[in-house]
Amino acid sequence: MITSSAPHTSITYARSSMDAGELQVFDAGRCADGYQLGLAVGQRFGETIRSRMRGDLFLHEQLLPFASTAAGKPLLAALQASNRERYPRYWDELIILVNFRKEIRPFIPKREDQEPKEEPDDDCSDILMVSQSTAIAAHNEDANVALLGHTYIVKATSPDGTSTFTAYTYAGELPTCAFGFNSNGVAFTLDSVPPAKCEVAAGGIAVNFVSRDLLEARDLDDAMHRVCSPAVSVGHCYNLMDVRARRIVTVETASQNRSAVHEAGPAPSFHANMYRHLQVEQVYDENSMSRERRAAQCTMDSKEKALSVLGDAADVKYPIFMTGPTLYTLCTVVVDLDEETMTIYRGGSKNTDAVRVVLPML
């Protein structure tokens, strides 16, 4: 069921025991500056943001305490200074500590007397393919189960009115640390990657600001420049799409302005949460490696088969499609470059209740 009342739309799905059931779509319209956009989003989703912050154990038990220590204060100050200088408009949109969690996490000391209560943030999966008949990016958006009911879609028009963007957004974070697209025909999905602590540059640019900047990209070359040029603190994986050019590329980044680019072709490629193309010292993640091994056993040379793989739960311990108790597949999204559509599935891609968001005509 889809119900609409200006200025936002409530998209309701069939509920499961752990599904929040609704995904709010908010069109902020044309805002004069970053502050006005942040204010509009905050006014519309204030309670959702507060609810997420109240339930964020990592924020309360690790991020906030560390931020007030002798080691944490200068690190946070450096992050604030570098990101505010490079992205002043985005800085005005929404600044909450969770936007720096990936950049602060490596520096939080591990207690010897107790296992840290830190829980995984995200473990996404992507299937990319560009052949004569098919050009798709299919993506599982996986996150901590606490994010259920704490996401929404933000639509906005640039201050000069020349472009718009649509972004799946985590409550309290900049649009978007997940996936989105704009009216220039640029779309993207994101996968976290686990660099070792020695690969992290303290006080650098935060990945949330880089992905926010992607929403302004004019074309694929501009998108690649926006992800490769910042002096980031931690690396990330960006699956970039240009509907107009019918191209999909994966860009893996790391500190010290390192990057590797892999262009999708007729052979489907699966990407989880490990570096595959950039030579970086990384933390080996058994969850990610298990999903890659399972995907290698499957056929995914069509949109339907790719969706089937993203819905796979054959590995009980590390399924591709996650249903808790800690990590949960919030949604599955398919970007079809030929149809110029982005389709979001909740509760698994076999769920008949799906919302289709159509990319602007080119």
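Me: Before anything else, what would make two cysteines count as a disulfide in this predicted model, and how many disulfides does the count come to?

Reply: A disulfide is a pair of cysteine sulfur atoms within 2.5 Å. By this rule the predicted model has zero disulfides. Take C177 as the case to look at: the closest cysteine sulfur, in C124, is 8.6 Å from the sulfur of C177, which is too far for a bond. C177 counts as buried at 16% relative accessibility, and C237 is also buried, at 0%.

Me: How should I read the confidence of the chain, and where does pLDDT stay under 50?

Reply: The general idea is to take the chain average together with the stretches that score poorly. The protein chain averages a pLDDT of 87, and 86% of the residues score at least 70. Residues 1-6 stay under 50, and for them the model has nine contacts beyond four places in sequence; residues 8-20 also stay under 50, with 47 such contacts in the model.

Me: What does the overall fold look like in terms of secondary structure and burial?

Reply: The secondary structure of the protein chain comes to nine helices and 16 strands, and of its 362 residues 59% count as buried. Sequence separation adds to that picture: among contacts between residues at least 6 apart in sequence, 62% join residues at least 24 apart.

Me: Which residues touch the most other members of the largest nonpolar core?

Reply: A core of this kind is read through its members and through the elements that supply them. In the largest nonpolar core, which has 55 residues, F100, I104, F209, Y238 and L240 touch the most other members. Helix 1 (residues 34-55) gives the most to this core, with six residues. Leaving aside its neighbours within four places in sequence, F100 is in contact with L76, L79, Q80, N83, W91, A206 and F209. There is also a second, separate core of 29 residues, which includes A187, V335, L337 and M342.

Me: How many salt bridges does the count come to, and are the residues R52 and R54 buried or exposed?

Reply: The count comes to 20 salt bridges, and it helps to read each pair together with the accessibility of its partners. R54 forms a salt bridge with E47, the closest N and O atoms being 2.9 Å apart; R54 is exposed at 54% relative accessibility, while E47 is partly exposed at 44%. The side chains of R52 and D56 meet in a salt bridge at 3.9 Å, N to O, and here R52 is buried at 5% and D56 is buried at 9%. R52 and D56 also belong to a network of salt bridges that links them with R101 and E173.

Me: Which parts does the salt bridge between D213 and R226 tie together?

Reply: The side chains of D213 and R226 meet at 2.8 Å, N to O. D213 lies in helix 6 (residues 207-214) and R226 in helix 7 (residues 220-228), so the pair ties together parts that are 13 residues apart in sequence. Both D213 and R226 are buried.

Me: What else can be said of helix 7, its buried residues and its N-terminal end?

Reply: Its buried residues are L220, D222, A223, M224, R226 and V227, and these pack against several elements, including helix 4 (88-91), strand 9 (186-191), helix 6 and strand 10 (236-242). D219 caps the N-terminal end of helix 7, with a side-chain oxygen 3.3 Å from the backbone nitrogen of D221.

Me: How do I read the backbone angles, and where do they depart from the usual pattern?

Reply: Most residues other than glycine have a negative phi, and most peptide bonds are trans. Here a cis peptide bond joins P175 and T176, with omega about -5°, and T176 lies in the loop between strand 7 (164-170) and strand 8 (179-182). Another cis peptide bond joins G324 and P325, with omega about 5°; P325 is found in the loop between helix 9 (303-310) and strand 14 (327-336). Phi of N257 is near 55°, a positive value, and N257 is partly exposed, with a relative accessible area of 40%. Phi of E340 is near 60°, also positive, but E340 counts as buried at 17% relative accessibility.

Methods. Residues numbered from 1 in each chain as written. Predicted model: local features only at pLDDT ≥ 70, side-chain atom pairs only at ≥ 80, totals over all residues. Heavy atoms only, no water. Salt bridge = Lys/Arg side-chain N within 4 Å of Asp/Glu carboxyl O. Buried < 20%, exposed > 50% of the residue type's maximum accessible area, 1.4 Å probe, protein only. Helix = DSSP H or I, 4+ residues; strand = E, 2+ residues; numbered from the N terminus. Contact = heavy atoms within 4.5 Å. Polar contact = N/O pair within 3.5 Å; in protein donor to acceptor, adjacent residues only side chain to side chain. pLDDT = per-residue confidence, 0-100. Core = buried A, V, L, I, M, F, W, Y, C linked by side-chain atoms within 4.5 Å.
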